[in-house]
Amino acid sequence: ISVVFMTGCLVGNPKPKDRFNYGMVPVTSPTSTFAYGPDARHQADVYTPILWRPSDRRPVIVMVHGGGWGSGTRRDVMPSVLAQLRRGWVVVSIDYRLAPAVRFPLPIQDVDRAVRWVKSQAGALGIDPNKLVLAGHSAGGYLATMVTASNMAAPFVAPDLPPDLAAISSRPAGVVSLAGVYDPLAFSDDPYRFGPFALNNFFGCDNSDITRMTCSRDVLVGASLVWTLDRNDPPMYVAHGHQDDVVNLEQVYLLSDWAWRQQMDAKVWIDIVDTGPLEARFHQPDMGVNRASMEVFVDAVANGLLV
């Protein structure tokens, strides 16, 4: 790891055999598609592994796509997530409502609803609801981690949940976040300048000048994982390209520092991708992630060995 001053559980650079490669990713289409809520965007694609049966009790990954909160689709499944099909995991990839049609915190409510729905369908999906990992890329990493750390506080839960879903916890066993945003305030001053446009759009602030941040500091701090996460939250695997030119690596520094302050740094595994394929060092870190460590993590949280 080149960033030697970071706190947290640092994951070492992998040998080539311990990185993901595209040969590990099944070329497949969803097995089925379901509606998890009343909106047209409340759709979930389910991918099932070979020899899957509804009577199974398999671990499941719920995938939240990226796209700056204003674009993207459930078909944008990260390769490192889809690769878990070969290891027997079920993968559920979801859509959620996008800005500017909806604003913060409604997309978080959508992901919360989707997790509850997946757990409610354990029998039909052949999964164990206690072995659910929530994964997200970029803006999806933000949504996934906020669902996890918000502890189902009222602003982050849809008020129209049916009673059967309201009775189910949206807490996952663990989270995998790839190239995520954890501190919107810092992202608003990101040197790559994508942050102001995306955040103004997401929070409903003036976007007439796409390079200028118009949301207030209080709004951004109040929506920050860095100020929400605490030691009782589930474990997190955080992977980020060392040269990410969309979401600055500073996001990981800030998250790592906050985890240390909360005495939960051992529960936050940090994988800085600074070797491997060039594209993996930027905003799509999958093929540089330490595959062995990530799979140890997801297996451990699914089996209750890392809480």
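How much space lies in the largest pocket? About 180 Å³. The stops below start there and move through the rest of this predicted model.

**Stop 1: the largest pocket**

Select Pro26, Val27, Thr28, Thr48, Pro49, Ile50, Leu85, Arg86 and Gly88, which together line the largest pocket. Coloured by class, this lining shows five nonpolar residues, three polar and one charged.

**Stop 2: the largest cavity**

Searching the whole structure for cavities of 30 Å³ or more turns up one. The space in the largest cavity comes to about 30 Å³. To display its walls, select Gly68, Trp69, Ser138, Ala139, Val181, Phe187, Phe194 and Val247. Six residues of this lining are nonpolar and two are polar, while none is charged.

**Stop 3: arginine 74**

Next, go to the loop that runs between strand E4 (58-64) and helix H1 (79-82), where arginine 74 is found. Is arginine 74 buried or exposed? Its relative accessible area is 15%, so arginine 74 counts as buried, the cut-off being under 20%.

Show the side chains of arginine 74 and aspartate 45: a polar contact of 2.8 Å joins them. Then measure from the C-alpha of arginine 74 to that of alanine 44; the two residues are separated by 30 places in sequence and by 7.3 Å in space. To see the wider surroundings, select the contacts of arginine 74 outside its neighbours within four places in sequence: Thr33, Gln43, Ala44, Asp45, His65, Ser93, Ile94 and Asp95.

**Stop 4: aspartate 128**

Strand E6 spans residues 127-137 and contains aspartate 128. With a relative accessibility of 11%, aspartate 128 is another buried residue. What does the side chain of aspartate 128 reach at 2.9 Å? The partner is the backbone nitrogen of asparagine 130. Setting aside residues up to four places away in sequence, aspartate 128 also touches Arg57, Arg58 and Val60.

**Stop 5: glutamate 295**

Move on to helix H10, residues 291-302, and select glutamate 295 within it. The relative accessible area of glutamate 295 is 10%, which places this residue in the buried class. Its side chain makes a polar contact, at 3.5 Å, with the side chain of arginine 87. Arginine 87 also appears among the contacts of glutamate 295 beyond four places in sequence, together with Phe20 and Gln84.

**Stop 6: two cis peptide bonds**

Select the loop between strand E5 (90-94) and helix H2 (106-120), which holds proline 100. Proline 105 has its place in the loop between E5 and H2 as well. Which residue is joined to proline 100 by a cis peptide bond? It is alanine 99, and omega for this bond is about 5°. Further along, phenylalanine 104 and proline 105 are linked by a cis peptide bond, with omega about 5°.

**Stop 7: two residues with positive phi**

Alanine 179 is not a glycine, yet its phi is positive, at about 55°. To find alanine 179, look in the loop that connects strand E7 (174-178) to helix H6 (184-187). A relative accessible area of 0% makes alanine 179 buried.

Now select glutamine 263, in the loop between helix H9 (250-261) and strand E9 (268-273). Its phi is positive too, at about 60°, and glutamine 263 is likewise not a glycine. Is glutamine 263 buried or exposed? The relative accessible area is 60%, so glutamine 263 is exposed, the cut-off being over 50%.

**Last stop: confidence**

Finally, colour the chain by pLDDT. The average for the protein chain is 94, and 97% of the residues score at least 70. Where does pLDDT stay under 50? Select residues 1-5 to see that stretch, for which the model has 13 contacts beyond four places in sequence. Where pLDDT is low, the predicted coordinates should not be read in detail.

Methods: Residues numbered from 1 in each chain as written. Predicted model: local features only at pLDDT ≥ 70, side-chain atom pairs only at ≥ 80, totals over all residues. Heavy atoms only, no water. Helix = DSSP H or I, 4+ residues; strand = E, 2+ residues; numbered from the N terminus. Buried < 20%, exposed > 50% of the residue type's maximum accessible area, 1.4 Å probe, protein only. Polar contact = N/O pair within 3.5 Å; in protein donor to acceptor, adjacent residues only side chain to side chain. Contact = heavy atoms within 4.5 Å. pLDDT = per-residue confidence, 0-100. 1 Å grid on protein atoms, 1.4 Å probe; cavity = no way out; pocket = protein on both sides within 12 Å on 5 of 7 lines; lining within 4 Å. Points joined across faces, edges and corners; volume = space filled by probe spheres on them. Nonpolar A, V, L, I, M, F, W, Y, C, P; charged D, E, K, R; others polar.
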